[in-house]
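Student: Before we begin, could you guide me through the reading of a structure in which protein and DNA meet?

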Number of protein chains: 2
Amino acid sequence: MALFLSTHINKVDKKGRVSVPAQFRDQLSAEAFQGIVLFRSHAHPALEGFAWSYMEEISRRLENFDLFSAEQDDLATTVFGESVQLAFDGEGRVVLPVDLMQFAGVVEQAAFVGLGNKFQIWDAAELEKRRTEARRNVRDKNLTLPKGEAA
Amino acid sequence: MALFLSTHINKVDKKGRVSVPAQFRDQLSAEAFQGIVLFRSHAHPALEGFAWSYMEEISRRLENFDLFSAEQDDLATTVFGESVQLAFDGEGRVVLPVDLMQFAGVVEQAAFVGLGNKFQIWDAAELEKRRTEARRNVRDKNLTLPKGEAA
DNA sequence: TGGATATTTATGGGATAGCATGGGTTTTGG
DNA sequence: CCAAAACCCATGCTATCCCATAAATATCCA
């Protein structure tokens with residue numbers, strides 16, 4: 001299972017290409033599809049990124065919603081309907097579609113934020129605010145990691 | 001499970017490299033990823049160090065949250081997004097990123113402090129102050145070890 | 001036990017390969 | 001036939017590899 005860690009800031013060139021961090025590519029080396037899957041975040045001006053194989057896990061979790069429920073439909077529409085599959089070029093780059101770049105407010109510096117089994121892409125400047133917010137939430141709500149059951 | 005004990009002080013060279021104490025490396029010899037994971041301590045001017053497998057454990061626990069939930073997002077952003085993955089070189093060293101060194105105030109002498117399943121990296125001088133403080137707390141508040149349940 | 005020899009560790013520095021980035025060229029498809 | 005996308009090659013920088021040394025530790029054998 002891929003595990004994405006740390007934050008890498010890479011430049012978007014005028015063709016819309018960005019290097020996917022080498023560390024992230026390593027985590028994806030065993031994947032059948034050599035590339036990433038992206039869609040708009042539901043909560044932030046950012047993009048959610050996954051390994052192709054993880055989309056199956058998302059599908060499985062969506063089935064936990066009531067079939068035909070409004071929520072299931074909405075999620076499925078945004079997640080599957082609007083996701084894009086981006087293949088690496090020979091240098092490990094992907095081309096960010098313009099509409100996704102605009103959605104995330106990515107200008108020139110794209111920040112890849114590792115979040116475990118997924119990652120996010122932020123505009124580098126915008127990310128700082130998000131960071132402070134996340135830190136505050138963790139502290140104020142006293143969020144901790146439950147021991148839970150192994151998945 | 002790795003068990004980090006005692007304190008080792010090693011030098012940071014001008015390339016930013018430090019030898020990870022051999023005792024610590026021994027504890028990590030069974031790890032799939034040969035290296036360490038670091039992030040900023042929330043409580044001290046120091047860095048927290050873990051084995052890769054420990055991050056996998058955290059990742060598993062995060063999977064118990066709903067996908068895209070705010071809690072999952074906040075935790076992952078602070079824990080995974082702000083961590084770095086550092087591989088050993090042939091001599092068992094890692095390169096400390098400059099921003100992390102600055103955060104911990106590490107100048108030249110890095111102190112590796114074993115804390116059980118994790119360890120901390122302090123500036124050697126700063127650590128002395130922390131030590132006296134910790135001793136005083138234990139004495140004044142009469143801290144003891146609870147029997148507790150095994151984790 | 002003791003003293004000589006071999007390993008391991010921490011450290012230093014030069015050589016090398018990999019990564020991020022840029023630009024040109026061919027291919028594709030509408 | 002033209003534009004956009006995929007492919008290919010070039011480059012500077014940095015991280016990684018590799019070798020060397022000294023000190024500390026461990027090992028061995030008489």
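Tutor: Let us start with vocabulary: helices (H or I, at least four residues) and strands (E, at least two) are DSSP runs, numbered from the N terminus. This is a predicted model, in which local features need pLDDT of at least 70 and side-chain atom pairs count only at pLDDT 80 or more, while totals for chains, interfaces and linings use all residues. Residues are numbered from 1 along each chain as its sequence is written, chains are lettered from A and ligands numbered from 1 in the order in which they are written, and side-chain values use heavy atoms, with hydrogens and water left out.

Student: Which helices and strands each supply at least two residues of the surface near DNA strand C?

Tutor: A residue is near a strand if one of its heavy atoms lies within 4 Å of it. In chain A, strand E1 (7-11), strand E2 (17-19) and helix H1 (22-27) each supply at least two residues, and so do strand E1 (7-11), strand E2 (17-19) and helix H1 (22-27) of chain B. Of the 26 residues around DNA strand C, those that come nearest are Lys11(A), Lys15(A), Lys11(B), Lys15(B) and Arg17(B). Sugar and phosphate make up 46% of the atoms of DNA strand C that come within 4 Å of the protein.

Student: Which polar side-chain atom lies 2.3 Å from a base oxygen of DNA strand C?

Tutor: A polar contact is a pair of N or O atoms within 3.5 Å; within protein, one must be able to donate a hydrogen and the other to accept it, and residues adjacent in sequence count only if both atoms are side-chain atoms. The atom in question belongs to Lys15(B). An N or O atom in the side chain of Arg17(B) is 2.7 Å from a base oxygen of DNA strand C, and one in Arg25(B) is 3.2 Å from a phosphate oxygen.

Student: What surrounds DNA strand D?

Tutor: Among its neighbours are Arg17(A), Glu91(A), Glu91(B) and Val95(B). Sugar and phosphate account for 6% of the atoms of DNA strand D within 4 Å of the protein. Side-chain N or O atoms of Glu91(A) and Glu91(B) each lie 3.0 Å from a base nitrogen of DNA strand D.

Student: How is a pair of packed helices described?

Tutor: Two packed helices are described by the angle between their axes and the distance between the axes. Axes are lines fitted to C-alpha atoms, for helices over the stretch in contact (heavy atoms within 4.5 Å), and angles run from 0 to 180 degrees between N-to-C directions. Here the axes of helix H5 (residues 124-140) of chain A and helix H3 (residues 70-79) of chain B come within 9 Å and cross at roughly 115 degrees. H5(A) and H3(B) are therefore roughly perpendicular (65 to 115 degrees) to each other.

Definitions and conventions:
Angles under 35 degrees count as roughly parallel, over 145 as roughly antiparallel, 65 to 115 as roughly perpendicular and the rest as oblique.
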